[in-house]
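Let's take a walk through the hollows of a protein and see what lines them. Keep the 3D view open so you can click along as you read.

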Amino acid sequence: MIKVLVNGYGTIGKRVAWALRRQSDLTLYGVVKRRPDYSAILAVKSGIDVYVPGEEELRAFEESGVRVAGLLDDALGRVDAVVDATPGGVGRKYKGLYVKHGVKAVFQGGEAPDVAQVSFNPLCNYSEALGKDFIRVVSCNTTALLRLICSLNRYFTVDRVRAVIVRRGADPKEVRRGPINAIVLNPPKLPSHHGVDVKTVLPWLDIQTAAFAVPTTLMHTHFIQVFLKEGVTREDVVRVLEGSPRIVLVGAEALGVSSTAELAEVIRDMGRARGDMYELAVWEESVTVIDGREVMLTQSVHQESIVVPENVDALRAALSIEKDGERSINITDTALGLVGGWLLWSS
Ligand code: NAD
C-alpha cells in the first residue's frame with residue numbers, strides 16, 4: 001500500500017486526508033499540524049496520526065495533552081509521497097526536506113508554478129505528470145476553467161477563451177479576510193492571474209481573464225466565453241458537458257435554484273461531508289451558442305473542495321500506480337461519490 005503524508009491540515013489538507021482514507025490503492029499515513037487546536041483533536045479522535053514540524057510544536061502538543069505521533073522529519077522517512085497543503089509560499093520552503101527524503105510531493109495552487117516540474121489537471125495533462133517527483137495542482141478557479149476547457153476541447157477545437165471570475169472573498173472559517181462591503185477589482189489592471197495560470201497547463205491557449213472579489217464565502221462563479229474553430233449547436237455542448245467527468249449540469253428551473261446559496265443547500269441536503277461539491281457546476285440554462293462558434297455559460301465552483309479529486313490523481317500519476325488518466329479519474333470519483341450528468345437527475 002502506498003503511504004501518503006498530508007503536510008498542512010487546513011481547508012484543503014483536511015479534505016485531501018479525508019479523500020485519501022477512501023481510496024483503496026493509497027493510504028493516509030498521517031497529517032502534519034502546527035497547533036494542538038480543534039482540528040488536531042478531531043483528527044486524533046478519528047484515528048489519524050498527527051505529526052508536528054519541529055520540537056517547539058512537539059512541546060506545545062505534549063503540554064496540551066493532544067496525542068502526537070512524532071516529527072515531520074521522521075514521518076517523511078516512512079512515506080512514499082506527501083501532499084503539501086500548507087499556505088501559499090510555505091510549500092516551497094519544505095521542498096528541500098522532501099528532496100532529502102526522496103519522497104514525491106504534490107503542491108497546491110498557492111505555490112509559484114516553478115515549485116514543481118508540472119502544473120496539473122488530469123483532464124488536460126495526466127500523462128505529462130507520470131512519474132514526476134513534484135506536481136502542482138492548480139488553484140480552485142484554474143481547476144474549474146481547465147475542467148471546462150479540456151472537456152470541450154476533447155470533442156471540439158477551442159480557439160480562445162475569455163472569462164470573468166467572481167471570487168468569494170474568503171473561506172467560511174476565515175474571519176480576518178474580506179471584503180465585507182465592496183466589489184474589489186482583483187486586480188484593477190487586466191488580465192487577472194487566472195488565465196496566466198491556465199497557460200501553465202495549456203501554453204497554446206489564447207485566454208484572458210478578469211476577476212472581482214465579492215463578500216461571499218460559499219463559492220466562486222465564472223461567466224465564460226469559449227470561441228471554437230468549428231460550428232456547434234447548444235445541444236452538442238450540453239451533450240458533451242453531460243458526459244464529462246467532474247462536471248455536473250444544474251437545471252435552475254427544474255431544481256428551483258438560481259444562486260450559490262441554494263446550490264450549497266442542495267449539496268448539504270445530499271448529505272455530502274462538510275457540504276463539499278467536488279463537481280464543477282455548470283448552470284444549464286446559461287449555456288448559449290452564438291453563430292455556432294461562440295459558447296457562453298455560467299459555472300460555479302466550490303473552492304474548498306474542487307481540487308481534492310485532482311490531488312488524488314496527482315498522487316497516482318506521480319507514483320505511476322495508474323498510467324491512464326481516465327482510469328484514475330474514474331477510481332477517484334467512484335471512491336468519493338461524484339455525480340455526473342445532471343444534478344439530482346443523474347444515476
Ligand atoms: P489553510 O490556511 O486553510 O490551511 C493551511 C494549513 O497549514 C493550516 O492548518 C496552517 O496552520 C498550516 N500551516 C501553516 N504553516 C505551516 C507549516 N510551516 N508547516 C505545517 N503546516 C503549516 O489554507 P488552505 O486554504 O488549505 O490553502 C492551502 C493551499 O491550497 C494554498 O496553496 C492555497 O492557495 C491552495 N488552495 C486553497 C483553496 C481554498 O479555497 N482554500 C482552493 C484551492 C487551492
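## Around the ligand

A polar side-chain atom of R168 lies 3.0 Å from an oxygen atom of the ligand. Before going further, keep in mind that you're looking at a predicted model. R168 has company: a backbone N or O atom of T11 is 2.9 Å from a ligand oxygen, and a backbone N or O atom of Q303 is 3.4 Å from an oxygen atom of the ligand. How much of the ligand's accessible area does the protein cover? On its own the ligand has 830 Å² of accessible area, and the protein covers 83% of that.

Here are those three polar contacts side by side.

| Residue | Protein atom | Distance to a ligand oxygen |
|---|---|---|
| T11 | backbone N or O | 2.9 Å |
| R168 | polar side-chain atom | 3.0 Å |
| Q303 | backbone N or O | 3.4 Å |

Now zoom out a little to the whole shell. There are 21 residues around the ligand, and the ones that come nearest are T11, I12, Y94, D171 and K173. Sorted by class, the shell has eight nonpolar residues, nine polar ones and four charged ones. Two helices to pick out here are α1 (11–20) and α5 (90–101), since each of them supplies at least two residues of the shell.

## The largest pocket

Where does the ligand sit? You'll find the ligand in the largest pocket. This pocket has a volume of about 1200 Å³. Its lining is made of 48 residues, and I12, A85, T86, P87 and G88 lie nearest the centre. Quite a few elements give two or more residues to this lining: α1, α2 (38–45), α5, β8 (134–137), α7 (140–155), β9 (158–168) and α8 (193–201).

Which element gives the most to the lining of the largest pocket? That's α8, with five residues. As for the mix of classes, the lining of the largest pocket divides into 15 nonpolar, 18 polar and 15 charged residues.

## The second largest pocket and a cavity

Next up is the second largest pocket, which holds about 350 Å³ of space. It's lined by 25 residues, and L123, R154, P245, E326 and I329 are the ones nearest its centre. The helices α6 (122–129), α7 and α13 (325–336) each supply at least two residues of this lining. Here α6 gives the most, with six residues. By class, you get nine nonpolar, nine polar and seven charged residues in the lining of the second largest pocket.

How many cavities of 30 Å³ or more are there? The count comes to one. About 40 Å³ of space lies in the largest cavity, and its lining is a short list you can click through: L123, S151, R154, Y155, G243, S244 and P245. Some names should ring a bell: L123, R154 and P245 are also among the residues that lie nearest the centre of the second largest pocket. The largest share of the cavity lining comes from α7, with three residues. By class, the lining of the largest cavity has three nonpolar residues, three polar ones and one charged one.

## Some backbone oddities

To finish, let's look at the backbone itself. Most peptide bonds are trans, and most residues other than glycine have a negative phi. Against that background, a few spots in this model are worth a click.

The peptide bond from N186 to P187 is cis, and its omega is near 10°. Another cis peptide bond runs from L190 to P191, with omega near 0°. Where are these two prolines? P187 has its place in the loop between β10 (184–185) and α8, and P191 also lies in the loop between β10 and α8. You've met α8 already, as the element that gives the most to the lining of the largest pocket.

The last stop is R274, whose phi is near 60°, a positive value in a residue other than glycine. To find R274, go to the loop between α11 (260–269) and β14 (280–283).

Key
Residues numbered from 1 in each chain as written. Predicted model: local features only at pLDDT ≥ 70, side-chain atom pairs only at ≥ 80, totals over all residues. Heavy atoms only, no water. Near = heavy atom within 4 Å. Polar contact = N/O pair within 3.5 Å; in protein donor to acceptor, adjacent residues only side chain to side chain. Areas by Shrake-Rupley, 256 points an atom, 1.4 Å probe, with all protein chains shown as cover. 1 Å grid on protein atoms, 1.4 Å probe; cavity = no way out; pocket = protein on both sides within 12 Å on 5 of 7 lines; lining within 4 Å. Sits in = over half its atoms within 2 Å of the grid points. Helix = DSSP H or I, 4+ residues; strand = E, 2+ residues; numbered from the N terminus. Nonpolar A, V, L, I, M, F, W, Y, C, P; charged D, E, K, R; others polar. Points joined across faces, edges and corners; volume = space filled by probe spheres on them.
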